[in-house]
Amino acid sequence: MANEEYDAIWFGGGAAGRFGSAFNKALGGKVLLVEKKHLGGECHVNRCAFENFVADQSSMAELMRQYSGLSWYPKIDLSKISMARAVETYRKVGQPAFADTMKHQTELQLQIEVAWGEGRILNKNTVEVNGKTYRGKNLVIATGSRPTMPDIPGIDLDRVWTYRDHPEIRKDPKKLVVIGGGKIGIGKAAMFAPFNIDVTVLEKYTCLANWDWEIRNWIFGDFRRRGIKVYEGADVKEIKGRGTVEAVVAEIEGKTMEFPCDAVMVSIGLTPNSEPAKSLGVKIGKENEIIIDNKCQTTVPGVYAVGDVAGPPYFMAISRKRGMVAAKNIMGEEGEMDPTLPLPDHIYVPPLEATSVGLTEKEAREKYGDVVLIRVPWGPRPKNTKPETYIPGFENQGLPVCGRMHTLNLLFYGENRNGMLKAIVDPASRKYVGFHSVGDGAKDGFQYLSYLLKIGWTIDQMAELHEIFLNPEHFIQLSRLVAGQKELKGYAAQVVTEDYTR
Ligand code: COM
């Protein structure tokens, strides 16, 4: 028996456990972090950091396709671009480098004691790792989640992937079927397509159902332009193949359809890894999540659960904050999750990214009636706009750019890789209620926009801020254009974006 007694044993070193234990230590607690493999959890292996890398690679691939041979850009041999080669680089460089960084920060910089190995929970105060037992006053379960798998024939075939298999891909598929059109599935579809891969998305209900219609519309329009096929209302029945995947069978509008493919990416959701804690008698919910209260306490006193294992929303920010909240309570401080701070969301659609925070236009209209839209639309160049062509050969007049100029490319109003921007304002209070963007780099700003929404930021306050032009989200200047209106009406006219969702 070890004689040490920790204030808390943090069981799992992903985003929730790593940040929670660090915060716990910073508050003066004595902590132990138990981790079997990767500090930082799946982030650098196959989730956030990896996805950022792949989104970058896909952006490069997409831009090469788009601009090869245009302006001063050399003609590029597009047959050589490869997702498998891209992820091989990440496996060899990105994963070990990130793993070192996590270890360095946790063990060296923060001096957090880590018990490396597969831990076993003996009771709510005792954990065993590699034959050694550790005792703590509190136990925090931070065991994360795993991909949810549908119970259909063929799910065990070779080349049926989830996000966990993405870094392990050794050979590019020619035809990929993505099952599930949520933000992971849509992101995967957008990331694979630039590598000469034919992609089809099958979604049982509605893709990105909780997103603003205009972002959904932008993504549908973009996918159509790039040849990515999307089927909503597609009930997948079976994955066919002899050893390896050969087709996906789905029922769509009463008809059975077969989609030939040589790989499948399953992205229908996440299942919390609550199994290691079940013996403690904590209450488990219907998604297999550990039920917690606003302080991240489970139904067993002295046992907390943080991160994905405590159920949705499955966001890294929520994981880390749950860790912080549990740490405060462990140390006898007040700490609760704040439901009034809107959660920003984000999807990679290389070379751009879609970002949202606050209410969608539909939700805003339901709540506030006739809201004002501060909006830069996108879509086909209006028919009567001159000149129709700036330079012959430049498809739809976009500047060949590869950075945050993308967002401004929309000013040229061509239908290449233009983004879109939309702020929603309640005219009565003059407060913003939602922000939405497709562009490059805007997600940084959205972290802070979330707080401005919480405190009830007005269009008049926004107009007083300093912008650094060219910035990836132009809400300051776009709002300032009309903020002088005594009775807020917004822009004199709104160009209607074409509907691509049908
Ligand atoms: C990144 C991993 S999501 S961690 O939060 O830095 O541990």
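This talk walks through one structure, from a sheet and its helix to the ligand and a few loop residues.

This is a predicted model, so to speak: local features need pLDDT of at least 70, side-chain atom pairs count only at pLDDT 80 or more, and totals for chains, interfaces and linings use all residues. Residues are numbered from 1 along each chain as its sequence is written, and side-chain values use heavy atoms, with hydrogens and water left out.

I start with the sheet. It is open, has 5 strands in the order β18-β19-β22-β21-β20, and the pairing is antiparallel. Strands here (E, at least two residues) and helices (H or I, at least four) are DSSP runs numbered from the N terminus, and two strands pair if DSSP finds at least two bridges between them. At the edges sit β18, residues 345–349, and β20, residues 372–376, and each of these pairs on one side only. From one strand to the next the twist averages 10 degrees. For angles, axes are lines fitted to C-alpha atoms, for helices over the stretch in contact, and the values run from 0 to 180 degrees between N-to-C directions.

Helix α8, residues 361–368, packs on this sheet and touches β19, β20, β21 and β22. Its direction makes about 10 degrees with that of β21. Contact means heavy atoms within 4.5 Å.

Back to the edge strand β18. It is joined to β19, residues 352–358, by 5 bridges, and the two run antiparallel. Ile-347 has Ala-354 of β19 as its bridge partner. In the loop between β18 and β19 we find Pro-351, and the peptide bond from Pro-350 to Pro-351 is cis, with omega near 5 degrees.

On the other side of the sheet order, Arg-430 is in the loop between β21 and β22. Arg-430 is not a glycine, yet its phi is positive, near 65 degrees. Is Arg-430 buried or exposed? Arg-430 is buried, with a relative accessible area of 15%. The cut-offs are under 20% relative accessible area for buried, over 50% for exposed, and partly exposed in between, with a 1.4 Å probe and protein chains only.Next, helix α6, residues 213–226. It has 14 residues and reaches 20 Å from its first C-alpha to its last, close to the 20 Å expected at 1.5 Å a residue; the expected span is 1.5 Å times one less than the number of residues. How many of the residues of α6 are buried? The count is 11 of 14, so by the under 20% cut-off the helix is mostly covered. Among the buried ones are Ile-215, Trp-218, Ile-219, Phe-220 and Phe-223, and also the charged-type names Glu-214, Arg-216, Asp-222 and Arg-226.

Both ends of α6 have something to point at. Asp-212 caps the N-terminal end, with a side-chain oxygen 3.0 Å from the backbone nitrogen of Glu-214. Just after the helix, Gly-227 takes a positive phi of about 80 degrees.

Now a hairpin. Strands β13, residues 244–252, and β14, residues 255–260, form it with 2 residues between them. They run antiparallel and are joined by 6 bridges. Ala-247 is paired with Pro-260 in β14. In the turn, Glu-253 has a positive phi of about 50 degrees.

Then the ligand. Which residues surround the ligand? They are Gly-14, Ala-15, Arg-18, Phe-19, Gly-40, Cys-43, Cys-48, Met-102, Met-316 and Arg-320. A residue is listed if one of its heavy atoms lies within 4 Å of the molecule. Two arginines have polar atoms to mention: an N or O atom in the side chain of Arg-18 is 2.7 Å from a ligand oxygen, and a polar side-chain atom of Arg-320 lies 2.8 Å from a ligand oxygen.

Last, the loop between β17 and α7, where Asp-308 lies. Asp-308 is buried, with a relative accessible area of 10%. Residues in contact with Asp-308, not counting those up to four places away in sequence, include Arg-47, Gly-144, Leu-270, Tyr-314 and Ser-319. The side chains of Asp-308 and Ser-145 are joined by a polar contact of 2.8 Å. A polar contact is a pair of N or O atoms within 3.5 Å; within protein, one must be able to donate a hydrogen and the other to accept it, and residues adjacent in sequence count only if both atoms are side-chain atoms. Pro-313 is in this loop too, and the peptide bond that joins Pro-312 and Pro-313 is cis, with omega about 0 degrees.

One more residue: Cys-296, in the loop between β16 and β17. Cys-296 has a positive phi of about 70 degrees although it is not a glycine, and Cys-296 is buried at 0% relative accessible area.
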